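Hi,

Here is the structure we talked about, ready for you to open and turn around. Have a look first, then read on for what turned up.

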Amino acid sequence: MKKERIKIISIGNIKEESQIQVMGWVRTIRKSKNVSFISLNDGSTINSLQIVLDMKVFDEKIIDKINTGSSLSVNGKLVNSTGKNQKYELQAESIELLGESDPELYPIQPKKHTFEFLREVAHLRPRTNTFSCIFRIRHACIFAIHKFFNEKGFINIHTPIITSSDAEGAGEMFRVTSLDLDNIKKNKLDYTQDFFSKPVNLTVSGQLNAELGALALSEVYTFGPTFRAENSNTSKHLAEFWMIEPEMAFYDIDDNMDLAEEMLKYIISYILKNCSSDLSFLENLELNDEKQLPQVKRNEFPLIQRLEKIIDNDFIRVKYDEAFQILRNSKPNKKGKFNFKVDEWGIDFQSEHERYLVEKHFKNPVIVSDYPKQIKAFYMRSNRDNKTVAAMDVLFPSVGEIIGGSQREERLMMLEKRMEEMNVSKSELSWYLDTRRFGTVKHSGFGLGLERLIQFVTGMKNIRDVIPFPRTPGNCSY
RNA sequence: GCCUUCUUAGCUCAGUUGGUUAGAGCAGUAGACUGUUAAUCUAUUGGUCCUAGGUUCGAGUCCUAGAGAAGGCGCCA
């Protein structure tokens, strides 16, 4: 009979009594005199396959070398399990130890580890149940995003990672150079001698380039890494993260909000449909963790219900004016409970204000639009009132701002005026202004933070635990 | 960057008002066990108490400085 390697996720499709081969890594091994059990996991699913070893058949010396973390190839017969926790198990007929794992040194034990500890062994943490769930869900999110845009006829464009424009004000940038920095005298950098003959940086946003694409291909999106050299030490910031930036010609701010809401619901329903066992695992993990917390600190609903609520309800849409009034008249504001008082029109909302709107007042995702122009970027379209711009932020429970976007200023005169007011160089961005000089049209777009979305979908508290290799101030290992 | 808290065995944590030889569970090691489910049972190895100073007869415990981490805040996605 032919033996072929089967992935553990597809065990359910295999006929009983089939001869199969599986390969994977040992999660636990339970050895006893007559029979031993191995939990083998190949990352295709949260479920491990139980391997049963009849100790009369196998050389004890070889079995002794199998430990947590070892890699194995196992041939055997798939049979119904007499145990309670699994339907099938593999009756091993031959085992090849592919790679040993010294149990004195291997850091991942079959027990609960803290996320802080696992961050220190981030190169091995995908071998844990929790992180394998997260990375499978991360993949599913990425796939769903491409699928969504493909179905809507969007063109994926790659915007540059190395960029010379520093005019966006989206944050501190990482300088890119080929100069020998070890042998340069203080303050004597000569960029004309550098690779690009001028100072260049890692991108903080692909938006301006994406606009060029939209004003030719109608609907485009970027999906790439983004770099911010901000000294941000929070559970919601990374120095290197992934951002999705759709940009659409002929869309106004309302079309933009519709697309953002439709996209988020699409992704979340895709995850609910395709990652149910991973979601259940994470939901249980969260429920167990929360047992130790006081009621107030627990989530109001379990993970899967939180996701279902997103799909089942319309996002609340409020203009800045209205949100400002709600906050100003709110109890915490009147009682002085906010660290930042809401009193003067024009202030930027702090995260405590956003959280109040989303988690206390509306109890639903909220899209706030039409912000005062002085707190927003130069490229956002001025409204008729000349006080606000057509900006919109999508605020989610627990993670806060998940999307920021706007209708772009397509009127050349208005855009140039804003650039002058905000000290943005027109000559450096002359290529950008060309889109307004030649065949300008109304257009809109937004940026979605992939890791923040995954945080929401997985319920993970720290953004460093939803990206394989997190980069944060002082941390760039692996 | 700011505020608060934390740092004790490979991991998770106890360690009383400063007092003699710093403990537990898990992991590891040796053994037992006829089907286990993070198996169980017996025995056992393992410590620069984050680092450097200081106070004290005596410091894991108190003080100062530094490093690292977590949570919150700011900047933002």
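**Two domains and an RNA strand**

Chain A splits into domain 1 (8-106) and domain 2 (126-315 + 364-465). Keep in mind as you read that this is a predicted model.

Let's start with how the two domains meet. Their C-alpha centres are 43 Å apart. Where they touch, domain 1 puts in 8 residues and domain 2 also puts in 8 residues.

How much area is buried between domain 1 and domain 2? It comes to about 660 Å², and carbon and sulfur atoms account for 43% of that. On the domain 1 side, the residues to click on are R27, I46 and Y106: they lose the most area to domain 2, and together they make up 69% of what that side buries.

What sort of residues does domain 1 use there? The side that touches domain 2 has 3 nonpolar, 4 polar and 1 charged. Between the two domains there are 4 residue pairs in polar contact (both at pLDDT 80 or more), while the count of salt bridges across this interface is 0.

Now for the RNA. Strand B has 54 residues around it, and the closest are N85, N231, T234, H237 and R452. Sorted by type, the residues of the surface near RNA strand B come out as 11 nonpolar, 26 polar and 17 charged.

Which parts of the RNA face the protein? Taking the atoms of strand B within 4 Å of the protein, 52% belong to sugar or phosphate, and the rest are in bases.

Three side chains show those parts of the RNA one by one, so to speak:

- R228 has a polar side-chain atom 2.6 Å from a sugar or linking oxygen of RNA strand B.
- S232 has an N or O atom in its side chain 2.7 Å from a base oxygen of RNA strand B.
- S351 places a polar side-chain atom 2.8 Å from a phosphate oxygen of RNA strand B.

If you colour by helices and strands, several elements give two or more residues to the surface near RNA strand B, among them β1 (19-30), β5 (88-99), α2 (115-120), α10 (351-362) and β16 (443-449). Which element gives the most to that surface? That would be β15, with 4 residues; you can find β15 at 400-407.

Have fun exploring, and write back with any questions!

Cheers

Terms used: Residues numbered from 1 in each chain as written. Chains lettered and ligands numbered in written order. Predicted model: local features only at pLDDT ≥ 70, side-chain atom pairs only at ≥ 80, totals over all residues. Heavy atoms only, no water. Domains from an automatic or database assignment. Contact = heavy atoms within 4.5 Å. Buried area = accessible area lost by both parts, 1.4 Å probe. Salt bridge = Lys/Arg side-chain N within 4 Å of Asp/Glu carboxyl O. Polar contact = N/O pair within 3.5 Å; in protein donor to acceptor, adjacent residues only side chain to side chain. Nonpolar A, V, L, I, M, F, W, Y, C, P; charged D, E, K, R; others polar. Near = heavy atom within 4 Å.
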